[in-house]
Amino acid sequence: MIQSDMYRDKIRLTELPQHVHDAAEWELFRMEKVTPGSSEFAVISNYLDWLISLPWQRSSDQEFDISAARKILDKDILGMMRAKEQILEIMAAAQNSDSKSGRVICLTGPPGLGMRALARSIAKALGRRFVSLSIEEIKSESEMMGEWRVNVGNRPGTIIRSLRDCEQNDPVIMIERIDHPRLLSVQGLESALLETIRPDKNLNFTDRYINVP
């Protein structure tokens, strides 16, 4: 089968962690057993496209330096001295910790205070890419956690899509407007957000569609 051979070559040439490579090989085996042009064939090929396109092994390669980070924050952000000091303390603690779990910072204040600019400056100080999401734009709980892989049109959630678009597996992600009424009005969205940011979960985040950490 020409198409399965194409995917086999893509899997071989893409740098994938072993558990992802195993998942891709299993789906390739399934692809060879179904009829080309069928809906199941389309579901499998779409899934393989997503697996191959994600930045599994592409991380930021810039060495973090606390002094340089301080200069970047002071240059980008006027004032907010206490907030910047607390952020630098969190950065330093993370640098000296053996834990690889992501840190969660909550920025609060009135609109126009400059929270997005501060988050963007944090990403710059860490040498990482910046991604901004808004609870206001998330229509359902599956928009955050991904859709189960049962129909052709299903896709991963906004976290995974953001990682693919920024082409890096460790960006600084800002989730804006967590005080928006949508968080409580959409069934399951609050628990999905909490699961996304839990320190013991965010290192190996598992989207329902991708279904591998």
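Colleague: Is Met 80 buried, partly exposed or exposed in this model?

Modeller: The model is a predicted one, and in it Met 80 is found in the loop between α4 (66-76) and α5. Its relative accessibility comes to 26%, and because buried means under 20% and exposed over 50%, Met 80 counts as partly exposed.

Colleague: What is the phi of Met 80?

Modeller: Most residues other than glycine have a negative phi. Met 80 is not a glycine, and yet its phi is positive, with a value of about 50°.

Colleague: Which other loop residue, one between β2 (172-176) and α9 (182-185), deserves a look at its backbone?

Modeller: In the loop between β2 (172-176) and α9 (182-185) there is an arginine, Arg 177, which counts as partly exposed at 37% relative accessibility. Phi is near 60° there, a positive value in a residue other than glycine, and the residue is Arg 177.

Colleague: Which helix gives the most to the lining of the second largest pocket?

Modeller: The second largest pocket holds about 160 Å³ of space, and its lining includes Met 80, Ala 83, Gln 86, Ile 87 and Ile 90. Two helices, α5 (81-95) and α6 (115-126), each supply at least two residues of that lining. With 4 residues, the helix that gives the most is α5.

Colleague: How many charged residues are in the lining of the second largest pocket?

Modeller: Among the lining residues are Ile 105, Cys 106, Leu 107, Thr 108 and Leu 113, and one of them, Cys 106, counts as exposed at 55% relative accessibility. By class the lining has 10 nonpolar and 2 polar residues, while the number of charged residues is none.

Colleague: How many disulfides does the structure have?

Modeller: Cys 106 is exposed at 55% relative accessibility, whereas Cys 166 is buried at 10%. A disulfide would need a pair of cysteine sulfur atoms within 2.5 Å, and for the whole structure the search finds a total of 0.

Colleague: Why is the pair of Trp 26 and Phe 29 stacked?

Modeller: Both residues lie in helix α2 (residues 18-31), 3 residues apart, which is about one turn of the helix. Trp 26 is exposed, with a relative accessible area of 52%, and Phe 29 is partly exposed at 40%. Their ring centres are 5.5 Å apart, and because planes under 30 degrees apart count as stacked, the pair is classed by its plane angle of 25°.

Colleague: The structure holds 2 aromatic pairs; what is the arrangement of the one formed by Tyr 47 and Tyr 209?

Modeller: This pair links distant parts of the chain, with Tyr 47 in helix α3 (residues 39-53) and Tyr 209 in the segment after α11 (199-202), 162 residues apart. Both members are buried, Tyr 47 at 2% relative accessibility and Tyr 209 at 1%. The rings are 5.9 Å apart centre to centre, with 65° between the planes, and the arrangement is edge-to-face.

Colleague: Which residue has its charged end over the ring of Tyr 47?

Modeller: Tyr 47 is buried, at 2% relative accessibility, and its ring also takes part in the aromatic pair with Tyr 209. A charged end sits over this ring at 3.6 Å from its centre, and it belongs to Arg 149.

Colleague: How far is the charged end of Lys 10 from the centre of the ring of Tyr 7?

Modeller: A charge sits over a ring only if it is within 6 Å of the ring centre and within 35 degrees of the ring normal. The charged end of Lys 10 does sit over the ring of Tyr 7, and its distance from the centre is 5.4 Å.

Notes. Residues are numbered from 1 along each chain as its sequence is written. This is a predicted model: local features need pLDDT of at least 70, side-chain atom pairs count only at pLDDT 80 or more; totals for chains, interfaces and linings use all residues. Side-chain values use heavy atoms; hydrogens and water are left out. Buried means under 20% relative accessible area, exposed over 50%, partly exposed in between (1.4 Å probe, protein chains only). Rings of Phe, Tyr and Trp (its six-membered ring) pair if their centres lie within 6.5 Å; planes under 30 degrees apart count as stacked, over 60 as edge-to-face and the rest as tilted. On a 1 Å grid over the protein atoms alone, a cavity is a set of points where a 1.4 Å probe fits but cannot get out, and a pocket is an open set with protein on both sides within 12 Å along at least five of seven lines; lining residues have an atom within 4 Å of a point. Grid points are joined across faces, edges and corners, and a volume is the space filled by probe spheres set on the points. Ala, Val, Leu, Ile, Met, Phe, Trp, Tyr, Cys and Pro count as nonpolar, Asp, Glu, Lys and Arg as charged, and the others, Gly among them, as polar.
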